[in-house]
Amino acid sequence: MQYTKLGKSGMKVSRLCLGTMNFGPITDEKEAFRIMDAALDAGVNFFDTANVYGWGENSGLTETIIGRWFKQGGGRREKVVLATKVYGAMSDRLDGPNDEAGLSSYIIRRHLEASLQRLQTDHVELYQMHHIDRNVSWDELWGAFELAVSQGKIGYVGSSNFAGWDIAIAQQEAKARGFLGLVSEQHKYSLTCRLPELEVLPAAQHLGLGIIPWSPLDGGLLGRNALKKIEGSRSGGNSERVEQHKSQLEAFAELSLELGEPQDNIALAWLLANPAVTAPIIGPRTLEQFESALRSLEIVLEESVLKRLDEIFPGPGGAAPKAYAW
């Protein structure tokens, strides 16, 4: 396994991050346990979840499953760099208007305590804002996170789905308080979603944040079965998008055949080749899917291949404003 520091922090994480969103709604607890055990055996120490996973009336289910896995002992909790998120409204927190989605100090405090209880731990290494909340001041936000850090309940703060200018303001406000600020940004980024290259990636690199791409296979669009539309696969319910990108996916499949590697692993390897990227989030539904994804760490894409991928999946042309101005 390969490891790298998470942004400007001193904490080392694996180059693949285990996403757990499927645990509960799709993947049952027994299979989730098998996947998490296999992840540790493979050296994957970076696990990502969120308080809302399980969704709707089952919000919190995924954290509960992870907590029960930790409870088995055997050093499981000690070996994991655990990341969870806050922002969404929770079904078990319907006490009034203060329990709506957002990032008030009230929500951060209450939802952190609830996550820790479900996860059966006294701290998380990375606590991430699932979305930006521009209705809350940075004085309130950083005050709440500083308190949680001082109490030992969180180690670092991360963001998710932030714009480049949100990241810049967050770091400016943190610096004014003498606080470390953000160490990571979790963002939608893949061969078919390259707009983050305009602003988000350059801002994160300049300000010391590691990028954690979510949906690196664009919901299965970049998977090996996308063109087959196999019933039950994620791409099977995505026929309109498959048709929209058909010519690109056919060219991608041809390149995959030439390289002798499946499309999904090439897509992950492409992300891993970007110096801005810390660790793509893989969200396996089965143990076999997890084991297959490990191969991406061994794939080295030559410059000629990277150029072919740029031709198949053109990006915005680089960082703003050079991408569109002289």
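This is a dialogue about reading aromatic pairs, cysteines, a cavity and a proline in a predicted model.

Colleague: How many aromatic pairs does the structure hold, and by what quantities is such a pair described?

Modeller: A pair of aromatic rings is described by the distance of the centres together with the angle of the planes. In this predicted model there are ten aromatic pairs. Take Trp138 and Phe162, whose ring centres lie 6.5 Å apart and whose planes stand at 65 degrees, so that the pair is edge-to-face, the class for angles over 60 degrees.

Colleague: Where in the chain do Trp138 and Phe162 lie, and are they buried or exposed?

Modeller: The pair links distant parts of the chain, since Trp138 belongs to helix H5 (residues 138–150), while Phe162 is found in the loop between strand E7 (154–160) and helix H6 (164–176), 24 residues apart. Trp138 counts as buried at 13% relative accessibility, and Phe162 is likewise buried, with a relative accessible area of 1%. Both residues are also members of one aromatic cluster, which is formed by Tyr127, Trp138, Trp142, Phe145, Phe162 and Phe179.

Colleague: Which charged end sits over the ring of Phe70?

Modeller: That of Arg77, and it is placed 5.3 Å from the centre of the Phe70 ring.

Colleague: How many disulfides does the structure hold, and why is Cys193 not bonded to Cys17?

Modeller: A disulfide calls for two cysteine sulfur atoms within 2.5 Å, and the structure holds zero of them. Cys17 is in no disulfide, as the nearest cysteine sulfur, that of Cys193, is 18 Å away. Seen from the other end, the closest cysteine sulfur to that of Cys193 is in Cys17, and because the separation is 18 Å, it is too far for a bond. Cys17 is itself buried, with a relative accessible area of 0%.

Colleague: What is the volume of the largest cavity, and which residues line it?

Modeller: The count comes to one cavity of 30 Å³ or more, and the largest cavity has a volume of about 40 Å³. Its lining is made up of Leu221, Leu222, Gly223, Ala226, Leu227, Leu249, Phe252 and Gln263, and these residues divide into six nonpolar, two polar and no charged.

Colleague: Where does Pro284 lie, and how far is it from Leu268 in space?

Modeller: Pro284 is in the loop between strand E10 (281–282) and helix H11 (287–293), and it is buried, with a relative accessible area of 5%. From Pro284 to Leu268 there are 16 residues in sequence and 13 Å in space, taken from C-alpha to C-alpha.

How values were computed
Residues numbered from 1 in each chain as written. Predicted model: local features only at pLDDT ≥ 70, side-chain atom pairs only at ≥ 80, totals over all residues. Heavy atoms only, no water. Phe/Tyr/Trp six-rings, centres within 6.5 Å; stacked < 30°, edge-to-face > 60°. Helix = DSSP H or I, 4+ residues; strand = E, 2+ residues; numbered from the N terminus. Buried < 20%, exposed > 50% of the residue type's maximum accessible area, 1.4 Å probe, protein only. Lys NZ or Arg CZ within 6 Å of the ring centre and 35° of its normal. 1 Å grid on protein atoms, 1.4 Å probe; cavity = no way out; pocket = protein on both sides within 12 Å on 5 of 7 lines; lining within 4 Å. Points joined across faces, edges and corners; volume = space filled by probe spheres on them. Nonpolar A, V, L, I, M, F, W, Y, C, P; charged D, E, K, R; others polar.
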